[in-house]
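Biologist: Can we go through this model together? I'd like to start with a strand and then move to the pockets.

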Amino acid sequence: MSVRVRFAPSPTGFLHIGSLRTALYNYLFAKHHGGVCILRIEDTDRTRLVEGAIEEQIASLAWAGVTFDEGPHVGGNHGPYTQSERFDLYRTYGMQLVENGSAYYAFDTSEELDAMRLRQQAAGIAPKYDRSTMRNQFTVGDHETQRLLGENAQHVIRLKVPLHTDVRFHDEIRGDVVFAGREIDDQILLKSDGFPTYHLANVVDDHLMEITHVIRAEEWLPSTPKHVLLYEAFGWKAPTFAHVPLLLNPDRSKMSKRHGDVMVRDFAEKGFFPDALVNFVALCGWNPGTDTEIFSHNELIQAFSLERVNKAGAVFDYKKLDWMNGEYLKSRDPKELAAELLPALTARGYQYIEPDFVADVIELVRERVHFLKDVTEFADYLFGDVLSPLSSELAASISGNDTLRTAVKTFRDGLNNASIADLEAFKGLSQSAAESAGLKMGAFMKPLRLILTHREVGADLFGTVHLLGAQRCSVRLDSFLSS
RNA sequence: GCACCGUUCGUCUAGGGGUUAGGACACCGCUCUUUCACAGCGGUAACACGGGUUCAAUUCCCGUACGGUGUACCA
């Protein structure tokens, strides 16, 4: 049977980085096995819907290169792919469970349920629906149940969990897991508003959509026995489960805002390359067992396997992510990068932004930054003619120095296209300028950089002069000499 | 509280009954260099604890500790 997996987010906000990883693992697993990856929208909680969230999440996923073979935005043979559009289905299946004795009607109000939990807490027992004392089909009797239903009394459908059997299942990542029946709550399947809870909708849809592997976050592990029970109650074969470890804050709690960016869109806005983010996130909790750390999209598909997903949660290391982004910055085609950077340069109103020139600048400075957009700031003296202001200390360090002025003058006079065409000529010029004034090379190059770029640090000076061109260099040198 | 899951350098991890416990990020040092960076080289740094099994345990088993998740008419 061919692999069918799904990513099933709730449209309650922006796409979380942890969700991206879950989606990614599903995607990689499907593609690795030549299977199908489905997007399903789980919008059964009508109170938490956020306008535009579905579109945003799909856009974030697409940005990261995670695409779907079936879903609300692309169609497919197992639709609709949005749970609110499958409303009638869940009631039908829920009732089937009532009829075969696997589920039952309950009439408790939320106040009554709150009171029950309070009692249980006071008595020091685990809060759990008490089937034998609460108001439900069993305690009020069939006759009364029918009467209440007849007068449209508010009710829910609950799963009738067998108290004396253990529920066991195999998890691809964690191995065999067992839960005692008495620990499992009589989960609500259909809410009083007629909508299904996650548990029912999830199981019904996974079955109907012929999902073979449920790959989801570890936080779902404790509710998996309920799902297993549901599959049994329906007489369906359960899919294979794989609960992936959580992404963690530095304090090892579930990754959240407070400690940094967590939304995929935040990372996009910060300037991370999608491939770098995906590469990094793939390696949080999975590794191929080799020393390789840089993987293209296709290499990830090739290498990915559930067997090599870790059990323990992974602290999200922002610093290593920065490093990885830098690795991508260094390896990508400068011309492509130039095209990506161009809009930002235009927005800043720079005048030297011919694509080829920008590509040359990127190539010159990219080893010194982690982000493409940092190039804009780092090399502002190459893109524009207006230099950032010099601090008074730095200005003082080069002013009133006649030896330096002499050297700069010589350098400036020797400057032409030929002298900056190749490294040797440039070196010769700098050297003779420095020596004729009685300066050491080091003592000359530093102020020269300062005069030309107004920066103490920067890219290779020859490369910088080369890109600046003799004309622009002369203007800057002249402005120093005339000051 | 109860249930479940987990625990190798600060972080991501490899490994797995007998290893100098490997790699990467970060950090430190050296080299290169006009600067910064890159690169290269080197360094600091880890098997949570206690029992058991075994000739041998970081690796297997059991406890403990610690951490996480769950415990909703949320997903």
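Modeller: What follows covers one strand and its partners, two pockets and one loop residue. This is a predicted model, where local features need pLDDT of at least 70, side-chain atom pairs count only at pLDDT 80 or more, and totals for chains, interfaces and linings use all residues. Residues are numbered from 1 along each chain as its sequence is written, chains are lettered from A and ligands numbered from 1 in the order in which they are written, and side-chain values use heavy atoms, with hydrogens and water left out.

Biologist: Which way do the residues of β4 point?

Modeller: V156 and R158 point one way from β4 (residues 156-159), and I157 and L159 the other way. Strands here are DSSP E runs of at least two residues, and helices are H or I runs of at least four, numbered from the N terminus.

Biologist: Why the two directions?

Modeller: In a regular strand, side chains alternate between the two faces of the sheet.

Biologist: Are those four buried or exposed?

Modeller: All are buried. Buried is under 20% relative accessible area, exposed over 50%, partly exposed in between, with a 1.4 Å probe and protein chains only.

Biologist: What does β4 pair with?

Modeller: Strand β3 (residues 103-106) pairs with β4 in the antiparallel sense over 4 bridges. Y104 stands opposite R158 there. Strand β7 (residues 188-190) and β4 are also antiparallel, over 2 bridges. I157 has L190 of β7 as its bridge partner. Pairing needs at least two DSSP bridges between the strands.

Biologist: Pockets now. What is the volume of the largest pocket?

Modeller: About 1,000 Å³. Of its 39 lining residues, A8, S10, S19, E219 and W220 are closest to the centre. A pocket is an open set of points on a 1 Å grid over the protein atoms alone, where a 1.4 Å probe fits, with protein on both sides within 12 Å along at least five of seven lines; lining residues have an atom within 4 Å of a point. Volume is the space filled by probe spheres set on the points, which are joined across faces, edges and corners.

Biologist: Which element supplies the largest share of that lining?

Modeller: α1, with 4 residues.

Biologist: And the second largest pocket, what is its volume?

Modeller: About 380 Å³. It has 15 lining residues, with A126, K128, Y129, L163 and R182 nearest the centre.

Biologist: Last topic. Where is D261 found?

Modeller: D261 is in the loop between β10 (247-248) and α8 (264-270). Its side chain makes a polar contact with the K270 side chain at 2.6 Å. A polar contact is a pair of N or O atoms within 3.5 Å; within protein, one must be able to donate a hydrogen and the other to accept it, and residues adjacent in sequence count only if both atoms are side-chain atoms.
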